[in-house]
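I am opening a notebook on a structure that is new to me, and I want to write down what I look up, one entry at a time.

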Amino acid sequence: MERREFLATLAAAGLASLPGCGSPPRPPLPPGDLLGSAMDLGHRLRAGDLPPPAETRRVPVLIVGAGIGGLAAGWKLARSGFTDFLIVELEGEAGGNSRSGRNEVGAYPLAAHYLPLPTREATAVRELLAELGVLQGDPRAARPRYDERYLCATPQERLYRNGWWQDGVLPLLGVSAAERQQYRRFFALMEAFRQRRDGASRAFALPMELSSRAADLLALDTLSMRDWLLAQGFDAPQLHWYVDYACRDDYGTGLAEVSAWAGIHYFACRNGEAQDAASDTVLTTPGGNGWLAQGMAQSIAARAGDRLLSGALAFRVGAADGRMSVDLWRPAQQRSLRLVAEQLIWAAPLFLVPHVFAGQAALKAAARHYSHAPWLVANLTLARFPEQRAGASTAWDNVLHDSPGLGYVVSTHQQMRQHAGATVFTYYRALSGMTPQEGRAVLQETPREAWAEQILAELERPHPDIRQLTTRLDVHCNGHAMARPLPGLIWGQARRLFAADAPRLRFAHADASGFSLFEEAQYRGVLAAERTLRRLGKPFTSSLS
Amino acid sequence: MNQALLFSVFVVASCGLAYELIAGALSSYLLGDSVMQFSTVIGCYLFAMGIGSWLSRYVERHLVARFVQVELIVGVLGGYSAAGLFFIFVWFSAPFKLALYLAVFAIGVLVGLEIPLIMRILKRDLSFKDVVSQVLTFDYLGALAVSILFPLLLVPHLGLVRSGLLFGLLNVLVALWALWLFRAQLHNAAWLRTQAFVSLAVLAGGFAAAGQFTTLAEAHLYADEVVYTEATPYQRIVLTRWKDDLRLFLNNNLQFSSRDEYRYHEALVHPGLSTLPGARRVLVLGGGDGLAAREILKYPQVESVTVVDLDPAMTQLFSTAAPLRKLNADALLSPRVSVVNEDALQWLEENDDSFDFVVVDFPDPSNFAIGKLYSAAFYRLLEKHLSAGALAVIQSTSPLYARQSFWCVVSTLESVGFVTTPYHALVPSFGEWGFVLAGRRAYKPPAAYPVDTRFLTPETTPALFQFPKDMARVDAEVNRLNNQVLVRYFESEWRQVIR
């Protein structure tokens with residue numbers, strides 16, 4: 001959809017909601033806030049008018065960004081007994097895409113909301129889960145036991161399609177035998193990819209760095225997922241819908257744009273198993289992935305004390321006298337601060353690199369190969385569970401077919417309650433179907449009321465009384481939520497540059513993997529920490545081998 | 001005039017098919033086995049129509065008047081067929097099938113008369129060829145219209161009873177129209193018109209009162225007089241009475257019958273509590289009716305009974321209504337009892353108290369929300385609230401009707417480290433019912449009961465712990481929050497019982 005057309009639709013929706021336009025009287029829109037990821041600060045960065053630092057401090061290791069990558073780097077440093085580091089963060093609190101919110105109902109996610117059972121090779125993830133007590137017993141066991149409270153309660157997911165809720169996300173009702181045959185062939189092919197090994201490497205590993213580099217596999221990164229599906233004879237519309245949904249959900253962009261390597265990775269990388277759960281079970285909490293970010297932050301605080309400097313925008317990264325310097329703007333203090341570090345771990349998104357790094361022409365050029373998907377997340381606080389159309393009962397993840405949004409997750413799903421009372425629905429929408437620039441413009445221009453109207457209208461289809469029950473509706477916009485793994489990004493030169501090590505600088509963001517998964521961000525963080533410790537000559541036990 | 005008569009063929013055919021569909025739908029709704037019901041109802045109806053057509057040869061004179069009368073009888077009989085059959089089923093269930101086939105047969109005969117009569121009326125002005133082709137065309141068109149409207153519009157919006165009455169009204173309107181069309185040829189038009197208006201009034205009255213009628217009939221499905229109903233935010237509470245039998249229904253599920261509830265509550269409480277002479281603090285989860293508390297209060301050593309029931313309306317009802325207070329012997333008003341109206345799970349999570357005996361008396365695990373109350377995670381939470389030598393008893397559905405469900409509860413309790421002792425008792429209004437005692441040590445049944453009982457004796461107690469072959473242990477998975485196998489077992493097992 002064109003941006004203009006999109007805005008026209010919004011305007012129409014706004015007009016339709018005016019009183020006296022023929023529709024029955026509607027309750028007023030619920031109150032709420034429009035929250036962005038410090039958008040105004042980002043724009044000051046572009047304007048380049050931030051004051052020069054008035055003060056200089058030294059720190060041996062500096063980590064820029066307290067998302068999962070930065071927290072994982074700090075976590076690994078602290079676990080290795082190294083505590084001379086500082087993590088600086090633009091937002092008021094750590095967590096990045098794994099932050100959660102809380103109100104009188106309880107916690108709810110602000111973005112990422114689940115972690116699949118970790119793969120065999122995700123050793124650092126398993127180590128973290130064991131430290132948090134969620135993975136019980138040997139963290140490297142093939143089928144560990146997990147704390148029941150973190151395993152997603154049944155039913156995990158359902159799909160609303162043609163006025164009916166069905167179990168699972170793969171469309172089944174009214175799907176022809178020929179389409180089902182394609183489903184079977186597709187999943188058999190994905191299973192073969194999952195099983196395939198080239199020497200010691202799995203074809204599609206998670207973390208992706210451990211994947212096979214076989215030429216036929218890397219060639220998948222040169223075409224789109226849709227072209228690959230069509231080339232394999234997969235043309236079933238519902239299969240395309242399903243794969244498109246998966247791509248939008250994990251990569252923020254549809255199957256026509258996502259690289260086939262990334263698209264197949266989604267289906268073929270996961271081989272985690274559990275003693276006490278089916279292999280497709282995910283780990284989740286009311287606050288989504290907030291517990292993972294908070295767990296690492298607490299682990300750092302327990303070993304190294306307060307290592308976080310929040311509300312600080314890194315606006316210039318330079319190198320002088322064999323050291324790295326980072327200039328920070330602290331809006332609360334209305335002054336700038338220069339931190340001079342021996343080792344720098346850049347754990348912030350790579351779209352910032354061209355605006356922040358001085359010199360470093362190669363890095364800046366590489367960063368321009370990236371594009372980031374804009375996202376919108378809304379938290380709807382409900383006085384009680386809404387009525388619903390017939391079919392499967394309420395699941396944790398509730399997907400909407402033929403809908404601009406991806407669906408919603410239910411924050412109270414993991415709660416042990418006899419009677420489900422008030423709850424928070426977290427609604428997700430990737431602004432795909434337009435360019436990221438257009439999507440960001442839409443995010444900037446659309447008022448909260450227009451989003452609220454649109455989201456309620458969308459959720460009213462499966463839940464006719466949701467408008468009456470919504471007591472609050474907060475909208476969170478993120479213009480650069482995640483890197484888009486378009487063809488050529490994952491196995492191209494640009495990304496490999498960010499995955500490499502340098503004497504004083506390394507990157508610890510999921511962007512260095514080319515797509516935004518918890519496992520990738522945590523791997524990049526731990527890897528950067530281990531490289532840093534090696535440069536400093538500090539002993540450590542690797543979490544990655 | 002011919003066009004008008006042809007239109008009435010359309011209406012008459014619609015009504016004819018509608019009665020057939022109503023009888024088929026009603027019988028399959030009430031008796032089940034829809035293939036059997038539809039097939040026999042349609043067969044009987046078509047056969048009756050054949051008889052009606054054959055009988056039409058005996059109508060020799062006053063064709064229009066006879067047609068009008070047939071329409072009126074069909075209208076009233078067919079119109080009230082659904083309502084009447086529903087009443088007969090609810091009040092005297094035995095002759096329902098006889099009444100059904102009699103009604104179907106009678107309506108079939110009358111409908112069989114209609115078309116031949118119309119054809120003969122039309123034959124006066126049209127050729128045989130035209131009569132056959134036009135009448136049969138409208139006949140089949142009417143049938144088509146109703147066969148589409150019936151499932152899509154009529155049943156969903158009007159229901160069977162009102163749909164029947166609506167078609168009855170249409171038949172009477174056709175009769176009135178015929179009276180007007182042939183007003184010149186009829187001798188006794190006034191008398192016929194009176195009959196038609198009476199029929200019209202009878203049907204219209206029925207249509208207007210149909211809402212109340214359905215409520216009345218459905219209320220009767222509870223079998224007894226409904227003495228109390230309340231819809232709370234959590235459930236629908238219905239209390240019925242027949243002579244001295246009070247019955248409590250929550251969301252239409254029977255919770256107890258005052259005639260035999262003592263069997264259930266004695267079996268729930270005494271096998272466990274009578275072996276705990278040191279039990280001071282007792283917890284009841286669910287059980288807002290105070291009946292388990294009544295049994296617990298029989299033990300003088302018990303100092304406090306905490307009843308946690310989500311619904312304040314339940315505990316309020318059972319501490320104020322005289323017959324219910326009599327039933328639970330004012331248990332909820334006892335100074336030893338404290339009532340907590342909170343979510344049992346939340347209360348257990350937020351409270352550190354421990355208890356010497358815990359009664360877990362939740363509804364059967366018929367949905368995912370209640371299934372959580374039977375999960376390993378729940379029993380792990382429960383375990384934290386047991387004092388050193390404590391026991392918990394869990395109502396665990398029927399080991400006979402839902403055998404795997406019952407043993408699934410046992411497996412789940414064992415998976416979190418409990419030593420379990422399953423047992424069962426016969427409660428006539430429920431059937432064979434199951435309970436599980438859970439503790440940290442092996443349990444030994446009591447040699448004597450220190451309190452008054454009506455059902456349990458020390459001599460018959462050992463039999464409670466013996467499971468006959470048809471209730472013996474079967475393999476069952478552990479019920480976890482992330483698999484909810486118990487709800488699946490329970491659904492499939494009770495579905496088979498209900499069939």
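**Entry 1: a helix and its two sides**

I looked up helix α13 (residues 436-445) of chain A and found its buried residues to be A:Pro436, A:Gly439, A:Arg440, A:Val442 and A:Leu443; a residue is called buried if 20 or more other C-beta atoms lie within 10 Å of its own, exposed if 12 or fewer, and partly exposed in between, with C-beta atoms placed from the backbone. These buried residues lie on the same side of α13(A), because they cover an arc of only 155 degrees around the axis, the arc being that of the directions from the helix axis to the C-beta atoms. On the face turned away from that buried side I noted the exposed residues A:Gln437 and A:Glu445.

I must keep in mind that this is a predicted model, in which local features need pLDDT of at least 70 and side-chain atom pairs count only at pLDDT 80 or more, while totals for chains, interfaces and linings use all residues. Residues are numbered from 1 along each chain as its sequence is written, and chains are lettered from A and ligands numbered from 1 in the order in which they are written. Helices (H or I, at least four residues) and strands (E, at least two) are DSSP runs, numbered from the N terminus.

**Entry 2: two crossing helices**

How do helix α8 (residues 237-251) and helix α9 (residues 260-268) of chain A cross? Their axes come within 10 Å and cross at roughly 95 degrees, where axes are lines fitted to C-alpha atoms, for helices over the stretch in contact, and angles run from 0 to 180 degrees between N-to-C directions. That angle makes α8(A) roughly perpendicular to α9(A), a word used for 65 to 115 degrees. I then listed the contact, in which A:Val243, A:Ala246, A:Cys247, A:Asp250 and A:Tyr251 of α8(A) meet A:Ala262, A:Gly263 and A:Tyr266 of α9(A); two residues are in contact if their C-beta atoms, placed from the backbone, lie within 7 Å.

**Entry 3: chain B against chain A**

I found 20 residues of chain B in contact with 16 residues of chain A. On the chain B side, two or more residues each come from α12 (344-350), α13 (368-371) and α14 (376-383) of chain B, and α12(B) gives the most, with 4 residues.

Methods. Angles under 35 degrees count as roughly parallel, over 145 as roughly antiparallel, 65 to 115 as roughly perpendicular and the rest as oblique.
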